[in-house]
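Welcome to this guided tour! Please open your viewer, get your selection tool ready, and follow along one stop at a time.

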Amino acid sequence: MDAILMLLSDPAAWAAFLTLVILEVVLGIDNLIFISILSNKLPPHQQQTARRVGIGLALVMRLALLSMIAFIVSLTTPVFDLGIHGAPDAAGRPGFETQFSWRDLILIAGGLFLLWKATREIHHTMDEEATGDALDKKGKAVLSFGSAIVQIVALDAVFSIDSILTAVGMTDEVPIMMAAVIVTVAVMLFAADPLARFINANPTVVMLALGFLLMIGAVLIADGFGVHVPKGYIYAAMAFSAGVETLNIASRRSRARKRAAREAAAIERDAPTR
């Protein structure tokens, strides 16, 4: 208890906590997009439950991993090396490497899964027989509840390990990590339903989100091979794309309102006078 009170009275601990929450929220965006896309493929009465179960399992998984900090840190220890390295960069580090740890293998597997899943969803979206709902080919749910939860759990595992390793790099205090994870998951839980509704109501946003997943999958694979892409570039690109799409949505809505106003005016003008 005394240790907790000391942390609460330490400004450096609060600074680490707030910084970690911001980082974890940013890192959780891609996980939340994936959960939203998958849950929208379920029947309407199961969608909110799937989102809550998926986010709840993410919380349980991250807290469980935090209780095994020593094991998680050991995941970065190389387990085998193929002996292939890229040309050194300006800092003398190889452009890529084939010295793999368990973390690298998990990231590569998660990245491949995201590439496969996002590509499959893009095929569904572009199918000329689709009904107009980008996640539903024939007006019915195309995913079972159990299948959605299994896929969410699989990606939760990948993102949770990355999240915990980020937390370990920020602070050595496990209570701070746990508090930051709980706050982050609470934010995700609050944002999940609005994000899912927004994605479902705007099919073009679905395609943009799938593009994000493709990019994230490629970055995970690159990270597994030792090619570390600065996260700031990734999230800046996502923010720019989201901003452009927001302008497009606003423009479409403005045109729709003007068209509706012209049609209403035409109907009123052509109506017989009484």
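Before we select anything, here is one cut-off to keep in mind: a residue is called buried when its relative accessible area is under 20%, exposed when it is over 50%, and partly exposed in between. Please also remember that what you see is a predicted model.

**Stop 1: the whole chain**

Show the chain as a cartoon and colour it from end to end. You should find nine helices and two strands. Starting at the N terminus, the order of the elements is α-α-α-α-β-β-α-α-α-α-α. The chain has 274 residues, and 38% of them count as buried. Now switch on the surface: the chain exposes about 14,900 Å², and carbon and sulfur atoms supply 68% of that area. Among contacts in the chain with a separation of 6 or more, 77% are between residues 24 or more positions apart.

**Stop 2: Phe190**

Select Phe190, which sits in helix α7. Is Phe190 buried or exposed? Its relative accessible area is 72%, so Phe190 is exposed, given that the cut-off for this class is over 50%. Next, add Arg52 to your selection. Phe190 and Arg52 are 138 residues apart along the chain, yet a separation of 9.7 Å is found between their C-alpha atoms.

**Stop 3: Asp193**

Stay in helix α7, which covers residues 174–201, and select Asp193. Asp193 has a relative accessible area of 12%, and therefore it is buried. Which residues does Asp193 touch, not counting residues up to four places away in sequence? They are Gln48, Arg51 and Arg52. Show the side chains of Asp193 and Arg51 as sticks: these two side chains make a polar contact at 2.8 Å.

**Stop 4: Ser160**

Move to helix α6, residues 145–170, and pick out Ser160. Ser160 counts as buried because its relative accessibility is 0%. Leaving aside neighbours within four places in sequence, Ser160 is in contact with Ala58, Met61, Arg62 and Leu65. Now add Val181, which is 21 residues from Ser160 along the chain. The C-alpha atoms of Ser160 and Val181 are separated by 9.8 Å.

**Stop 5: Ser101**

Time for a strand! Select residues 97–101 to display β2, and then highlight Ser101 within it. With a relative accessible area of 4%, Ser101 is buried. What is Ser101 in contact with, leaving aside its neighbours within four places in sequence? Select Leu75, Thr76, Thr77, Pro78 and Val79 to see these partners.

**Stop 6: the largest pocket**

For the last stop, we look at empty space rather than at a single residue. Rolling a probe the size of a water molecule over the atoms shows where empty space is left. The largest pocket has a volume of about 430 Å³. To find this pocket, select Ile29, Ile33, Leu195, Phe212 and Ala242, which lie nearest its centre among the 22 lining residues. Four elements each give two or more residues to the lining: α2 (11–39), α7, α8 (203–224) and α9 (231–270). Which of the elements gives the most to this lining? That is α9, with seven residues. Finally, try colouring the lining by residue type: 19 of the residues are nonpolar, two are polar and one is charged.

Terms used. Residues are numbered from 1 along each chain as its sequence is written. This is a predicted model: local features need pLDDT of at least 70, side-chain atom pairs count only at pLDDT 80 or more; totals for chains, interfaces and linings use all residues. Side-chain values use heavy atoms; hydrogens and water are left out. Buried means under 20% relative accessible area, exposed over 50%, partly exposed in between (1.4 Å probe, protein chains only). A polar contact is a pair of N or O atoms within 3.5 Å; within protein, one must be able to donate a hydrogen and the other to accept it, and residues adjacent in sequence count only if both atoms are side-chain atoms. Contact means heavy atoms within 4.5 Å. On a 1 Å grid over the protein atoms alone, a cavity is a set of points where a 1.4 Å probe fits but cannot get out, and a pocket is an open set with protein on both sides within 12 Å along at least five of seven lines; lining residues have an atom within 4 Å of a point. Grid points are joined across faces, edges and corners, and a volume is the space filled by probe spheres set on the points. Ala, Val, Leu, Ile, Met, Phe, Trp, Tyr, Cys and Pro count as nonpolar, Asp, Glu, Lys and Arg as charged, and the others, Gly among them, as polar. Accessible areas come from the Shrake-Rupley method with a 1.4 Å probe; for residues, only the protein chains shown count as cover.
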